[in-house]
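Q: I should like to learn how to read a pocket, a fold and a single residue from a set of coordinates. Could we work through one case together?

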Amino acid sequence: MTDHIVTFNAGSSSIKFALFITGQPPRLLATGQVDGLGADVYYKVKDADGHVIYEKDLPDDQFHTHADALRVILAF
């Protein structure tokens, strides 16, 4: 089993994250963010080269809090 590292940066209406695979040095696999919590919620994930691999408008009425955003990030 390969270990991974996930970093999070929570702002006032967003959560940004990065996913790394362990090693020397750790290697970036993906970055992403959920923006606009509470209004105009948008989710985007990019691979290590910066190419968008997933993006979606999320229902505003279901994504009000950072916990809501964290659930969708971890499900990905």
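Q: How do the residues of the lining of the largest pocket divide into nonpolar, polar and charged?
A: One sorts each lining residue by its side-chain class and then reads the totals. In this predicted model, the lining comprises 8 nonpolar residues, with no polar and no charged ones.

Q: Which residues line the largest pocket, and which secondary structure elements each supply at least two of them?
A: One lists the lining residues and then maps them onto the elements. The lining consists of Val6, Phe17, Leu19, Ala30, Val45, Ile73, Leu74 and Phe76. Strand β2 (14-21) and helix α1 (66-75) each contribute at least two residues. The volume of this pocket is about 160 Å³.

Q: What pattern does the protein chain follow along the sequence?
A: One reads the elements in order from the N terminus. Here the order is β-β-β-β-β-α, that is, 5 strands and 1 helix. Along the principal axes, the C-alpha atoms occupy a box of roughly 40 × 20 × 20 Å.

Q: In which sense do strands β4 and β5 pair, parallel or antiparallel?
A: One follows the bridges between the two strands. Strand β4 (residues 42-47) pairs with strand β5 (residues 52-57) in the antiparallel sense, over 5 bridges. As one instance, valine 45 has tyrosine 54 in β5 as its bridge partner. Valine 45 also belongs to the lining of the largest pocket. The hairpin of β4 and β5 has 4 residues between the strands, and glycine 50 in this hairpin adopts a positive phi near 90 degrees.

Q: Is phenylalanine 17 buried or exposed?
A: One compares the relative accessible area with a cut-off. Phenylalanine 17, in strand β2, counts as buried because its relative accessible area is 9%, and buried means under 20%. Across the protein chain of 76 residues, 25% count as buried.

Q: Which residues does phenylalanine 17 touch, leaving aside those up to four places away in sequence?
A: One looks for contacts that bring separate parts of the sequence together. Phenylalanine 17 touches Thr7, Phe8, Ala30, Thr31, Gly32, Gln33, Tyr43, Val45 and Ile73. Of these contacts, those with Ala30, Val45 and Ile73 involve residues that also line the largest pocket. Valine 34, 17 residues from phenylalanine 17 in sequence, lies 8.9 Å away, C-alpha to C-alpha.

Q: What share of the contacts in the protein chain with a separation of 6 or more comes from residues 24 or more positions apart?
A: One divides the contacts by sequence separation. In this chain, the share is 24%.

Technical notes: Residues numbered from 1 in each chain as written. Predicted model: local features only at pLDDT ≥ 70, side-chain atom pairs only at ≥ 80, totals over all residues. Heavy atoms only, no water. 1 Å grid on protein atoms, 1.4 Å probe; cavity = no way out; pocket = protein on both sides within 12 Å on 5 of 7 lines; lining within 4 Å. Points joined across faces, edges and corners; volume = space filled by probe spheres on them. Nonpolar A, V, L, I, M, F, W, Y, C, P; charged D, E, K, R; others polar. Buried < 20%, exposed > 50% of the residue type's maximum accessible area, 1.4 Å probe, protein only. Contact = heavy atoms within 4.5 Å. Pairing = 2+ DSSP bridges.
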